[in-house]
Amino acid sequence: IAVLMLITALVSSTSGHADEFSMPWRISVYGGTATRLTTSEIFLHGHFHPDGTQIGVSIDRDLADLGSGFTLVADAGGTQFVAKSKETSLDLGLGVRYSFKFFGDPVSISGFTGPSWANGEPNISTGTYHGTDINFKRVPWLNYVGTEIAVGLAPNWNGVLRYYHRSGAFGLFEPNADEGSMLGFGLQYRF
């Protein structure tokens with residue numbers, strides 16, 4: 001919240017009539033419940049057992065208009081566990097945002113991916129043998145995937161729903177490594 005207030009004070013406020021899609025920067029602060037379960041366990045089997053609480057901040061910059069409401073976007077951010085773990089992660093990625101208006105309010109759906117570094121990371125399984133997790137170790141470098149739905153609340157302000165996930169990217173960083181996921185809510189400032 002303090003970061004958003006500082007950005008608001010430093011950035012001159014735009015008129016309520018400004019085109020929301022012409023503001024290339026977005027800063028988000030969000031928090032939610034984290035789990036060490038895999039994404040497939042969450043979305044395919046409906047399991048979401050909380051393993052702690054995580055907060056995050058991200059800053060996005062539009063890079064190129066791809067047409068038809070799509071934009072190439074750069075994303076940088078960090079997350080911190082605040083309960084049941086001491087892990088901090090830093091992320092840098094690329095993604096695509098689709099923006100449109102719904103009943104006159106700006107809405108955007110985004111997806112990002114890229115490398116992620118963490119300290120204080122937990123021991124995670126990096127393999128399986130007959131369905132049993134094996135090869136537990138700490139893995140600082142993984143891939144992150146972030147998805148976000150942002151809905152306009154007021155001029156320059158969005159409410160956000162953000163899903164954050166770190167894993168081995170199908171063996172790109174580490175075979176079978178899946179560190180966990182977080183589903184959070186927050187605020188986003190466009191400028």
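User: What relative accessible area does Tyr189 have, and how do you know whether to call this residue buried or exposed?

Analyst: The relative accessible area of Tyr189 is 2%. Buried means under 20%, exposed means over 50%, and partly exposed is what lies in between, with a 1.4 Å probe and protein chains only; Tyr189 at 2% falls under the 20% limit and is therefore buried. The model is predicted, so local features need pLDDT of at least 70 and side-chain atom pairs count only at pLDDT 80 or more, while totals for chains, interfaces and linings use all residues. Residues are numbered from 1 along each chain as its sequence is written, and side-chain values use heavy atoms, with hydrogens and water left out.

User: What makes Phe103 buried or exposed by that rule?

Analyst: Phe103 has a relative accessible area of 76%, and because this value is over 50%, Phe103 counts as exposed.

User: How many aromatic pairs are there by the rule, and why are Phe102 and Phe103 described as an edge-to-face pair?

Analyst: The count comes to 7 aromatic pairs. Rings of Phe, Tyr and Trp (its six-membered ring) pair if their centres lie within 6.5 Å, and planes under 30 degrees apart count as stacked, over 60 as edge-to-face and the rest as tilted. Phe102 and Phe103 have centres 4.6 Å apart and planes at 70°, so they meet the distance limit and their angle is over 60. Tyr189 and Phe191, at 5.7 Å centre to centre and 20° between the planes, also meet the distance limit, but as their angle is under 30 degrees they are stacked. Ring pairs also link Trp25, Trp157, Tyr189 and Phe191 into a cluster.

User: What makes Arg26 and Asp62 a salt bridge, and how do you know which parts of the chain they tie together?

Analyst: A salt bridge is a side-chain nitrogen of Lys or Arg within 4 Å of a carboxyl oxygen of Asp or Glu; the N to O distance for Arg26 and Asp62 is 3.5 Å, so this pair qualifies. Arg26 lies in strand 1 and Asp62 in strand 2, so the pair ties together parts that are 36 residues apart in sequence. Here helices (H or I, at least four residues) and strands (E, at least two) are DSSP runs, numbered from the N terminus. Both Arg26 and Asp62 are buried.

User: Which other residues are linked with Arg26 and Asp62 in a network of salt bridges?

Analyst: The network also includes Asp60 and Arg97. The closest N and O atoms of Arg97 and Asp60 are 3.3 Å apart; this pair links strand 4 with strand 2 across 37 residues, and both residues are buried.

User: How do you know that Arg162 and Asp75 form a salt bridge, and are they buried or exposed?

Analyst: Their closest N and O atoms are 3.2 Å apart, which is within 4 Å, so the pair counts as one. Arg162 lies in strand 9 (residues 157-167) and Asp75 in strand 3, so the contact ties together parts 87 residues apart in sequence. Arg162, at 1% relative accessibility, is buried, and Asp75, at 2%, is buried too. The structure holds 6 salt bridges in total.

User: What surrounds Ser89, and is this residue buried or exposed?

Analyst: Ser89, which lies in strand 4, has a relative accessible area of 1%, and because this is under 20%, Ser89 is buried. Contact means heavy atoms within 4.5 Å; leaving aside neighbours within four places in sequence, Ser89 is in contact with residues including Gly77, Trp117, Ala118 and Tyr164. Ser89 and Ala118 are 29 residues apart in sequence, yet their C-alpha atoms are 4.1 Å apart.

User: Why is one set of residues called the largest nonpolar core, and which residues are in it?

Analyst: A nonpolar core is a set of buried Ala, Val, Leu, Ile, Met, Phe, Trp, Tyr and Cys residues joined through side-chain atoms within 4.5 Å. The largest has 8 residues: Tyr30, Ala34, Val73, Phe81, Phe112, Tyr144, Tyr164 and Met182. Strand 1 (25-35) and strand 3 (70-83) each supply at least two of them. In soluble globular proteins, nonpolar side chains tend to be buried together.
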